[in-house]
Amino acid sequence: MSPAAPLYEPANTLKPVAPGLWIVDGPIVRMATPVGGMPFPTRMTVARLADGDLWCHSPIAPDDGLFAAIDALGPVRHLVSPNKLHYAHIAAWKRRYQQATAWASPGVRERASSQRIAVDFDTDLAYAAEQAWAGELDQRHFRGSRAIEEVVFLHRASGTLILADLIENFEAARFGTAMRWIARLGGVLDPDGKMSLAMRFTFRERRTARACLQQMLAWQPQRVILAHGRCYLENAGTELARAFRWLA
Ligand SMILES: [Fe+2]
């Protein structure tokens, strides 16, 4: 097993990305690989909507300090699972913010049930931006795989594309030698981060996926937030075209 990767310090702390938009770097989770558990850093995104409500994408494992910082920012109204792999901590957030709506992504209810993780989802994400955030956050289902579908978002005011697993971009310095090779083989090593090879193989409906990519490019994002690894804070269009060249 590789040595533990360092956290993106400080963890569980709101970090401003743009006006009304923050990221929070969270704990490491481990994903099974042939040579042991790959340390995955986790990250959530928080947007403050025009009415002051907070929209939380891919909520990380919370602690009291993070809850206090969030409380100072505004009322949590939306807890968003962008895909069926990013949902497990919504339960803890929902316990704290019982008035919040927990939004389900395609397949997440079945996944949670199979993993015996109880999450009380309120409703499903639609194919267009929800009324609660229409005009502020654009929304699109990235489809083309029967294994996974991710709902992607654009924070319009800042031109920020918010992704979970569609691109992973791990810095080599954060891994030991074995994990570095695994990441390189999987195509997820910075500076050439992409969707993991295993997930790419499931995208058989290329035309559908290409249309989703074209939509993301048409949004002309200024930056891209990722859930795992180094975000792209500039040259977003170039980075997207590079990361998705496997779809060409
Ligand atoms: Fe993930």
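These questions and answers walk through a predicted model.

Local features need pLDDT of at least 70, side-chain atom pairs count only at pLDDT 80 or more, and totals for chains, interfaces and linings use all residues. Residues are numbered from 1 along each chain as its sequence is written, and side-chain values use heavy atoms, without hydrogens and water.

Q: Which strands stand at the edges of the open sheet of 7 strands?
A: Strands (E, at least two residues) are DSSP runs, numbered from the N terminus. Two of them pair if DSSP finds at least two bridges between them. The order is S1-S2-S3-S4-S5-S6-S7, with mixed pairing. Each edge strand has a single partner, so one side of each lacks a neighbour in the sheet: these are S1 (14–18) and S7 (123–124).

Q: Which residue in S7 stands opposite tryptophan 103?
A: Strand S6 covers residues 101–104 and runs parallel to S7. The two are joined by 2 bridges. Opposite tryptophan 103 stands threonine 123.

Q: What angle does helix H4 make with S3?
A: Helices are DSSP runs too (H or I, at least four residues). Axes are lines fitted to C-alpha atoms, for helices over the stretch in contact (heavy atoms within 4.5 Å). Angles run from 0 to 180 degrees between N-to-C directions. H4 (residues 177–185) lies across S2 and S3, and its angle to S3 is about 65°.

Q: Which residues are the protein donors of the iron ion?
A: Donors are N, O and S atoms within 2.8 Å of the metal (3.2 Å for Na, K and Ca); water is not among the atoms, so sites may look incomplete. Along the chain the spacing is H-x78-D-x62-H. At 2.0 to 2.1 Å from the iron ion lie His86 (NE2), Asp165 (OD) and His228 (NE2).

Q: Is histidine 86 buried or exposed?
A: Buried means under 20% relative accessible area, exposed over 50%, partly exposed in between (1.4 Å probe, protein chains only). Histidine 86 sits in the loop between S5 and helix H2 (90–96). Aspartate 165 is buried, and histidine 86 is likewise buried.

Q: Which residue in S9 stands opposite histidine 141?
A: A second open sheet has the order S8-S9-S10-S11, with mixed pairing. Its edge strands are S8 (137–142) and S11 (223–225). S8 and S9 (residues 150–155) run antiparallel, joined by 6 bridges. Opposite histidine 141 stands valine 151.
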